[in-house]
Amino acid sequence: MQYLSIKEEIDSAIHRILTNGTFILGEEVSLFEQEFAAFCRTPYAIGVASGTAALHLALRACGVTSGDEVITSPFTFIATSEAISQCGAKPVFVEIDPQTYTIDPSKIEAAITTKTKAILPVHLYGQTADMSPIMEIAHKYGLKVIEDAAQAHGASYYDQPVGTISDVACFSFFPGKNLGAYGDAGAIVTNNPDIAHHVALLRNHGRSQKYEHLIEGFGERLDALQAAVLRVKLRYLASWTTSRQQNARRYNELLSNSPDLTTPYCRLGTSHVYHLYVVRTRHREALRRALDVQGISCGIHYPVPLHLQPALRYLGYTQGNFPIAEEAAQEVLSLPMDSSLTESQISLIAAAVVNFLRNDGSLQVN
Ligand SMILES: *Cc1c(COP(=O)(O)O)cnc(C)c1O
């Protein structure tokens, strides 16, 4: 367990907060912000209560408001589009690229209307969206770009780290993410001092001083206990990421010649931080069951694309609108992935997958 490997540092960090008594914002949060900004190579980081809050407040700081449209991917966690709706704006989905599962830039322009205010690409599974063409389109139409980097701590697009490419990038420190707190937490990073200042006001009721509120904001602050935990873990993040990448390479070596299985595509020259290791097969359901029986539990990210979620029916999309995302939703399978997986665990999992595809896979078509 990760906690046991860093127990002393975590315990002393938590003890420090319990004895100094500042639980919300304060010095610990400021220090984490400085350290996370340095890690992302951006001048500013602002800690907030969750990844969802980071997206919501970043969109607001970019001026997204009611009546606006924001272009994003239908193949993501619902928080991405919820943040758009929380601004009173409308999510507009654009089909994904079949190899990276991130938004297909060549299909963005057709979705732009006079109401479009921003593009919100999602760096899915730990790999960045194709940012250069996205930034070009944004400049051409005067749109803001907000990156959903909730799964991509430390990833880069060619030599540009996530967060330095666009107007603002949003991170989640939900416990299961590559950098996970012991509760909810998130942050934005940006090169833009106005966006940083605006998010800092929005997260704390628009407060400039104790009794002065410049704007109406929200209660979406980062707390000191989470900041203390994150400061400790941030020191290990680069080495944990290297382990994830090494684990992905091992999986690739063992799985790349399997029939009926596609291993993750990694754009050459970019760094993929493998929040998830996602394979693809027509036999997804049968494979998932076969692995489950052997005690190997896998996830599906995501079984239902957002445009087909009951919650978003009001947007008026139907089955068939985004066939590439819909097909991916039927076929993707997230194999166990973590920095602490051992070589023998990976061999075992890969062997179970290969075995299944050799035997049952050819017999069962679902
Ligand atoms: C986890 C996640 C979020 C939301 O983060 P929370 O901290 O859970 O609010 C948003 N977008 C994506 C792609 C995520 O994976």
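## Exercises on a predicted model

Val-279 stands opposite Leu-333 in strand E13. That pair opens the first exercise; keep in mind throughout that this is a predicted model.

### Exercise 1: Strands E12 and E13

Task: Find out in which sense E12 and E13 pair, and over how many bridges.

Solution.
- Step 1. Locate the two strands: E12 covers residues 277–280, and E13 covers residues 332–335.
- Step 2. Read the pairing. E12 and E13 run antiparallel and share four bridges; Val-279 and Leu-333 face each other across this pair.
- Step 3. Look at the side chains of E13. Val-332 and Ser-334 point one way, Leu-333 and Leu-335 point the other way, and all are buried.

### Exercise 2: The neighbours of strand E5

Task: Work out which strands pair with E5 and in which sense.

Solution.
- Step 1. Begin with E5 itself, residues 144–148: four of its five residues are buried, and the strand is mostly covered.
- Step 2. Turn to E4, residues 116–120, which runs parallel to E5 and is joined to it by two bridges. Here Ile-119 has Val-145 of E5 as its bridge partner.
- Step 3. Follow the chain from E4 to E5. Together with helix H6 (residues 131–141), these strands make a right-handed β-α-β unit.
- Step 4. Now take E8, residues 168–172, which is parallel to E5 and joined to it by three bridges. Glu-147 stands opposite Ala-169 of E8.

### Exercise 3: Strand E9

Task: Explain why E9 is largely enclosed by the rest of the structure, and name the strands that pair with it.

Solution.
- Step 1. Check burial in E9, residues 186–190. Five of the five residues are buried, so the strand is largely enclosed by the rest of the structure.
- Step 2. Sort the side chains by direction: Gly-186, Ile-188 and Thr-190 point one way from E9, while Ala-187 and Val-189 point the other way.
- Step 3. Find E1, residues 44–48, which runs antiparallel to E9 with five bridges between them. Ile-46 has Ile-188 as its bridge partner in E9.
- Step 4. Then find E8, which pairs with E9 in the antiparallel sense over four bridges. Ser-172 has Gly-186 as its bridge partner.

### Exercise 4: Around the ligand

Task: Identify which residues come nearest to the ligand, and see which atoms approach one another.

Solution.
- Step 1. There are 15 residues around the ligand, and Gly-51, Thr-52, Asp-148, Ser-172 and Lys-177 come nearest.
- Step 2. Look at Gly-51: a backbone N or O atom of this residue is 2.8 Å from a ligand oxygen atom.
- Step 3. Compare the side chains. An N or O atom of the Asp-148 side chain lies 2.8 Å from a nitrogen atom of the ligand, and one in the side chain of Gln-151 lies 2.9 Å from an oxygen atom of the ligand.
- Step 4. Consider the cover: on its own the ligand has 380 Å² of accessible area, and the protein covers 92% of it.

### Exercise 5: Is Cys-266 paired or unpaired?

Task: Decide whether Cys-266 is in a disulfide or in no disulfide.

Solution.
- Step 1. Recall the cut-off: the two cysteine sulfur atoms must be within 2.5 Å. By this rule there are zero disulfides.
- Step 2. For Cys-266, the nearest cysteine sulfur belongs to Cys-40 and is 19 Å away, and Cys-266 is in no disulfide.
- Step 3. Add the accessibility: Cys-266 is partly exposed at 31% relative accessible area, whereas Cys-298 counts as buried at 17%.

### Exercise 6: Backbone details

Task: Locate the residues Leu-25 and Tyr-101 with positive phi, and the cis peptide bond that leads to Tyr-302.

Solution.
- Step 1. Know the background: most residues other than glycine have a negative phi, and most peptide bonds are trans.
- Step 2. Leu-25 has a positive phi of about 50°. Leu-25 lies in the loop between helices H2 and H3 and is buried at 15% relative accessibility.
- Step 3. Tyr-101 has a positive phi of about 65°. Tyr-101 sits in the loop between E3 and E4 and is buried, with a relative accessible area of 7%.
- Step 4. The peptide bond from His-301 to Tyr-302 is cis, with omega near 15°. Tyr-302 is in the loop between helices H9 and H10.

Key. Residues numbered from 1 in each chain as written. Predicted model: local features only at pLDDT ≥ 70, side-chain atom pairs only at ≥ 80, totals over all residues. Heavy atoms only, no water. Buried < 20%, exposed > 50% of the residue type's maximum accessible area, 1.4 Å probe, protein only. Pairing = 2+ DSSP bridges. Right-handed = clockwise from strand over helix to strand, strands pointing away. Near = heavy atom within 4 Å. Polar contact = N/O pair within 3.5 Å; in protein donor to acceptor, adjacent residues only side chain to side chain. Areas by Shrake-Rupley, 256 points an atom, 1.4 Å probe, with all protein chains shown as cover.
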